Amino acid sequence: MAEGPTILVIGPRWVGDMVMAQCLFAALKEKHPNAAIDVLAPAWAAPLVKRMPEIRSQIDFPLMPGALEFRSRRRFGRLLRGRYDMAYVLPGSWKSALIPFFARIPQRVGNLREMRYGLLTDIVPLPEALKRRTARAYFGLARGGTFRPPQLTVDKANQADLLARFGLTGKKFVALMPGAEFGPAKRWPSDHYAGLARDMMAKGLGVVLLGSKNDAEVTGEIAALAPGAIDLAGKTRLEDAIDLIGAAKLAVSNDSGLMHVAAAVGTPIVAVYGSTSPENTPPLSERSELIWLHLSCSPCHKKVCPLGHLNCLKTLDVARVTAAADRLLKVPAAA
């Protein structure tokens, strides 16, 4: 068997972006079946990367987010010299291209973004229409192959252990992911999520609230307003969230990383949009419902509502999301 190229991918720093990066990984494997692909990414990404069969290994990114740390990048790049034939730089920042440059990787591929002439050897044009369409932008770097939605493998043994631990074995449940690391302008209000949770429980479904420890305040509010919902925010690892979402009958989420996880494990997903647009970063799944009010002020792409009212989310009523959930669950409409 012919030996393929060794490829280093400089990965993104958000959960959803890392999931969408698999569109590139799959395309590269299609073009170079015997390639060895490694990903340079923050340590938190390891649970995601391990669920992507295209990746050989992850190299933990040793730097703080947003920090230049020029000398550290130079030192780290020198440690990688001679190991790779190609590099793909997914983030758009100037500094993200430094490590492949200092590693002297012969072919360094990426979009221009922050004027990265010299740092990249192969600049791929990024049409204006794709600048916010992350999955398509990443896939475009491969310049070939077939566009495929991301797929994450599910660890069935870990899934069974989790279901037993939380009393979910044999039960049908809905996973609600009410957090959004980006900011409050992406978060459907807690009382709305609680109303949805009560609707789902009234139909005989369990409700599980998932998220990081940063989401625990929000999920706590929802659990208090929807007695019976199981609040697991901050109580599970990222790999556990992947497996629990994979066991759910349905997921409901803001425009967040876990939304993309749900699509990648094949769980039907209702995605609620506020300050962002479903035209840019939809869940890549045929079994999805995208809820967006199309207000004149959105999408603004702001972390906090610049007008102070958050109408794009506050006026998005529970009934609309429940109806979308029912369609995906195939619950008959009321007479």
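1. Contacts of Glu289. In this predicted model, Glu289 touches several residues beyond its neighbours within four places in sequence. They are Ile269, Val270, Ala271, Ala324, Arg327 and Leu328. Ile269, Val270 and Ala271 precede Glu289 in the numbering. Ala324, Arg327 and Leu328 follow Glu289.

2. Polar partner. Arg327 deserves its own entry. The side chains of Glu289 and Arg327 are joined by a polar contact of 2.9 Å. Arg327 is also one of the contacts listed above for Glu289.

3. Setting of Glu289. The residue sits in strand β12, which spans residues 288–291. Is Glu289 buried or exposed? Its relative accessible area is 19%. Buried means under 20%, so Glu289 counts as buried.

4. Phe70. This residue belongs to helix α4, residues 70–79. Its relative accessibility is 34%. Partly exposed covers the range between 20% and 50%, so Phe70 counts as partly exposed.

5. Surface patch. Which residues form a nonpolar patch with Phe70? Leu68 and Trp94 do. Together the three residues, Leu68, Phe70 and Trp94, have about 260 Å² of accessible area on the surface.

6. Domains. The domain assignment gives two ranges: domain 1 covers 6–142 and domain 2 covers 156–330. Their C-alpha centres are 29 Å apart. The contact between them takes 14 residues from domain 1 and 14 residues from domain 2.

7. Placing the residues. By these bounds, Leu68, Phe70 and Trp94 of the patch fall in domain 1. Glu289 and Arg327, joined by the 2.9 Å polar contact, fall in domain 2.

Conventions:
Residues numbered from 1 in each chain as written. Predicted model: local features only at pLDDT ≥ 70, side-chain atom pairs only at ≥ 80, totals over all residues. Heavy atoms only, no water. Helix = DSSP H or I, 4+ residues; strand = E, 2+ residues; numbered from the N terminus. Buried < 20%, exposed > 50% of the residue type's maximum accessible area, 1.4 Å probe, protein only. Polar contact = N/O pair within 3.5 Å; in protein donor to acceptor, adjacent residues only side chain to side chain. Contact = heavy atoms within 4.5 Å. Patch = residues over 30% accessible without salt bridge, like charges linked within 9 Å, V, L, I, M, F, W, Y side chains within 5 Å. Areas by Shrake-Rupley, 256 points an atom, 1.4 Å probe, with all protein chains shown as cover. Salt bridge = Lys/Arg side-chain N within 4 Å of Asp/Glu carboxyl O. Domains from an automatic or database assignment.
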